[in-house]
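Visitor: Please take a close look at the part of this structure where protein and DNA meet. I am new to it and would welcome one connected account.

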2 protein chains.
Amino acid sequence: MPDHLQPAFRALADPTRRDILRMLGDRPMTIAEVSDQFDMTRAAVKKHLVMLSDGGLISVEARGRERVNSLKPEALKPVMDWLGWFDQFWDVRLDALKAAIEEGNDNEQATEQQGPHDD
Amino acid sequence: MPDHLQPAFRALADPTRRDILRMLGDRPMTIAEVSDQFDMTRAAVKKHLVMLSDGGLISVEARGRERVNSLKPEALKPVMDWLGWFDQFWDVRLDALKAAIEEGNDNEQATEQQGPHDD
DNA sequence: TCTATATGATACCCTTTAGTATCACGTCAA
DNA sequence: TTGACGTGATACTAAAGGGTATCATATAGA
């Protein structure tokens, strides 16, 4: 299984890039427009946009002297699919928890795994 | 919005860690057991496990002199939710495409957005 | 108790990443 | 044509990532 979705995962690993994605969800934006929303140089934002493009998450279209960056939400589908593989597990766990609760909870060593320490 | 899911996204950004997650989907494993599956030192694997733990994706339970690492698939839910926000966009696009196809395609300037340049 | 084993913890490398500063280039407008 | 503007590209620095080697510690077992 060649990790063809590695660039996408890596692109998503930075909070600035995730913010950019959501901004582009509103409308396509030029590099300058995106840069205006962040407290960093245009060059830094450009690097993030390149990584997003490498991950296939955005498309860049030349329009005169501008570059319009547009969201490509379809690229998130493979990522969702990868994560979706784990649904089978927390489905099972939720079932087990539910069953344990309904059975009454005096044999609950087996359910301590999904303990409630989700900060 | 404090980026509380940043550790999770960062943990998912490495292919080795994603492989570990799927391995732990099979069964909980000790550090040594996980290390056996990779061509790297135990210390390197340990670092990955720490990052996975920081992201809340696994739990580590001491059992004698061993540390059993277990998958915590619930931790992927916030990540799925974040990604799910983008469903609205490719849903709209798919709908537009579908509508265009069903309507017959001679007035299709409006649908060129989801053009066939999906590599 | 003694020893092998599973792990924790550092210190250290090399590469990548995130950021800046700077300059060159194409394009829009007067 | 001139100049302002949006961008590309490069060089540079600081920090984080991914990896190794090494030593210390706790525990299982004879």
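Guide: Around DNA strand C there are 20 residues, and A:Thr41, A:Lys47, A:His48, B:Ala32 and B:Lys46 come nearest. Here a residue is near a strand if one of its heavy atoms lies within 4 Å of it. The model is predicted, so to speak of local features requires pLDDT of at least 70 and side-chain atom pairs count only at pLDDT 80 or more, while totals for chains, interfaces and linings use all residues. Residues are numbered from 1 along each chain as its sequence is written, chains are lettered from A and ligands numbered from 1 in the order in which they are written, and side-chain values use heavy atoms, with hydrogens and water left out.

Of the strand C atoms within 4 Å of the protein, 62% belong to sugar or phosphate and the rest to bases. The surface near strand C draws at least two residues from each of H4 of chain A and, in chain B, helix H3 (31-36), H4 and strand S3 (66-71). Helices (H or I, at least four residues) and strands (E, at least two) are DSSP runs, numbered from the N terminus. H4(A) gives the most to this surface, with five residues. Sorted by class, the surface near strand C holds six nonpolar, four polar and 10 charged residues. Ala, Val, Leu, Ile, Met, Phe, Trp, Tyr, Cys and Pro count as nonpolar, Asp, Glu, Lys and Arg as charged, and the others, Gly among them, as polar.

Arginines of both chains reach the bases of strand C. An N or O atom in the side chain of A:Arg65 is 3.3 Å from a base oxygen of DNA strand C, and such an atom of B:Arg65 is 3.0 Å from a base oxygen of that strand. At the backbone, a polar atom of B:Arg67 is 3.4 Å from a phosphate oxygen of strand C.

DNA strand D has 21 residues around it, of which A:Ala32, B:Arg17, B:Thr41, B:Lys47 and B:His48 come nearest. Sugar or phosphate accounts for 64% of the strand D atoms within 4 Å of the protein, and bases for the rest. At least two residues each come from helix H3 (31-36), helix H4 (42-54) and strand S3 (66-71) of chain A, and from helix H4 (42-54) of chain B. H4(B) gives the most to the surface near strand D, with five residues. That surface has six nonpolar, four polar and 11 charged residues.

On strand D, a polar side-chain atom of A:Arg65 lies 3.1 Å from a base oxygen, and B:Arg65 has a side-chain N or O atom 3.4 Å from a base oxygen. A:Arg42 also places a polar side-chain atom 3.2 Å from a base oxygen of strand D.

H4(A), which gives the most residues near strand C, also packs against helix H2 (residues 15-26) of chain A, at an angle of about 75° with axes 10 Å apart. Axes are lines fitted to C-alpha atoms, for helices over the stretch in contact, and angles run from 0 to 180 degrees between N-to-C directions. H2(A) and H4(A) are therefore roughly perpendicular, a term for angles of 65 to 115 degrees. A:Thr16, A:Arg17, A:Ile20 and A:Leu21 in H2(A) meet A:Val45, A:His48, A:Leu49, A:Met51 and A:Leu52 in H4(A), where contact means heavy atoms within 4.5 Å. The residues of this contact divide into six nonpolar, two polar and one charged.

Methods
Polar contact = N/O pair within 3.5 Å; in protein donor to acceptor, adjacent residues only side chain to side chain. Parallel < 35°, antiparallel > 145°, perpendicular 65-115°, else oblique.
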